[in-house]
Amino acid sequence: MSDTAKGAQRAPKAVIEHVIEPVESETHTSSAEAGSQASATGADGTTRPETFHEATFGFFRELGRRMWEHADAHPHATLYGIMGFVLAVLILVIGLWDTIVIAVFVGVGVVIGQMRDGDNAAVNFIRRLFDK
């Protein structure tokens, strides 16, 4: 049976009101003048970016600068964090065993590459593991 049976009250419908705020009249400049004007003064006296484009790119530029500062200050935490993220994505996307097979092949490739370079550090490490 439906919810609108006799005697049942219906809940009021939600209404979204759209309020249009008045726009302050500003003198409009030509596109050449607007491009040369980098910032405008807001109502509180502070300067703000003139366009949405400048504001968004400024945000991402500042975010990138701060991320690089953090990466420079904490290089190992950043590197191992990225490696953990990549490993997690690989396990979730292609599965655990496929990820392990890829890791084994990468390890074998590193050992072969070190042997070709004349650096036997990986081979010596593996020998030390099995000599004990």
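**Entry 1: salt bridges, the search**

A salt bridge, for my purposes, is a side-chain nitrogen of Lys or Arg within 4 Å of a carboxyl oxygen of Asp or Glu. I'm working on a predicted model, so I keep that in mind throughout. I searched the whole structure with that rule and got 3 salt bridges.

**Entry 2: the overall layout**

Before chasing those pairs, I looked at the fold. I found 5 helices and 2 strands in the protein. Going along the sequence, I wrote the order down as α-β-β-α-α-α-α. How much of the protein is buried? I got 5% of the 132 residues.

**Entry 3: Glu62 and its partners**

Back to the salt bridges. Which residue pairs up with Glu62 at 2.3 Å? It's Arg65, and that distance is between the closest N and O atoms. I checked where the two sit: both are in helix α2, which covers residues 52-73, and they are 3 residues apart, about one turn of the helix.

Glu62 also meets Arg66 in a salt bridge, with 3.0 Å from N to O. Arg66 and Glu62 are 4 residues apart in α2, again about one turn of the helix.

**Entry 4: Arg65 again**

Arg65 came up a second time. Its side chain meets that of Glu69 in a salt bridge, at 2.4 Å from N to O. These two are both in α2 as well, 4 residues apart, about one turn of the helix. Putting the pairs together, I get a network of salt bridges linking Glu62, Arg65, Arg66 and Glu69.

**Entry 5: buried or exposed?**

I wanted to know how open these four side chains are, so I noted the cut-offs: under 20% relative accessible area is buried, over 50% is exposed, and in between is partly exposed.

- Glu62 has 30%, so I call it partly exposed.
- Arg65 has 39%, so partly exposed too.
- Glu69 comes out at 45%, which makes it partly exposed.
- Arg66 has 52%, so this one is exposed.

**Entry 6: α3 against α4**

Next I looked at how helices pack. I need two things for a pair: the angle between the axes and the distance between them. Helix α3 (residues 75-94) and helix α4 (residues 96-117) pack at about 130°, with their axes 7 Å apart. That makes α3 and α4 oblique to each other.

Which residues touch? From α3 I listed Leu87, Leu90, Ile91 and Ile94, and they meet Leu96, Asp98, Thr99 and Ile102 in α4. Sorted by class, this contact has 6 nonpolar, 1 polar and 1 charged residues.

**Entry 7: α4 against α5**

I did the same for the next pair. The axes of α4 and helix α5 (residues 121-131) come within 7 Å and cross at roughly 120°. So α4 and α5 are oblique to each other.

On the α4 side I found Val111, Gln114 and Met115, which meet Ala121, Ala122, Val123 and Ile126 in α5. By class I count 6 nonpolar and 1 polar residues in this contact, and no charged ones.

**Entry 8: what the record says**

Last, I looked up the annotation. The UniProt record, an unreviewed entry, gives residues 79-112 as "transmembrane region". How much of that stretch is helix in the model? I got 97% helix and 0% strand over residues 79-112. The C-alpha atoms at its two ends are 24 Å apart.

Note on methods: Residues are numbered from 1 along each chain as its sequence is written. This is a predicted model: local features need pLDDT of at least 70, side-chain atom pairs count only at pLDDT 80 or more; totals for chains, interfaces and linings use all residues. Side-chain values use heavy atoms; hydrogens and water are left out. UniProt positions are given in the numbering used here, feature names are shortened, and annotations may be inferred rather than shown by experiment. Buried means under 20% relative accessible area, exposed over 50%, partly exposed in between (1.4 Å probe, protein chains only). Axes are lines fitted to C-alpha atoms, for helices over the stretch in contact, and angles run from 0 to 180 degrees between N-to-C directions. Angles under 35 degrees count as roughly parallel, over 145 as roughly antiparallel, 65 to 115 as roughly perpendicular and the rest as oblique. Contact means heavy atoms within 4.5 Å. Ala, Val, Leu, Ile, Met, Phe, Trp, Tyr, Cys and Pro count as nonpolar, Asp, Glu, Lys and Arg as charged, and the others, Gly among them, as polar.
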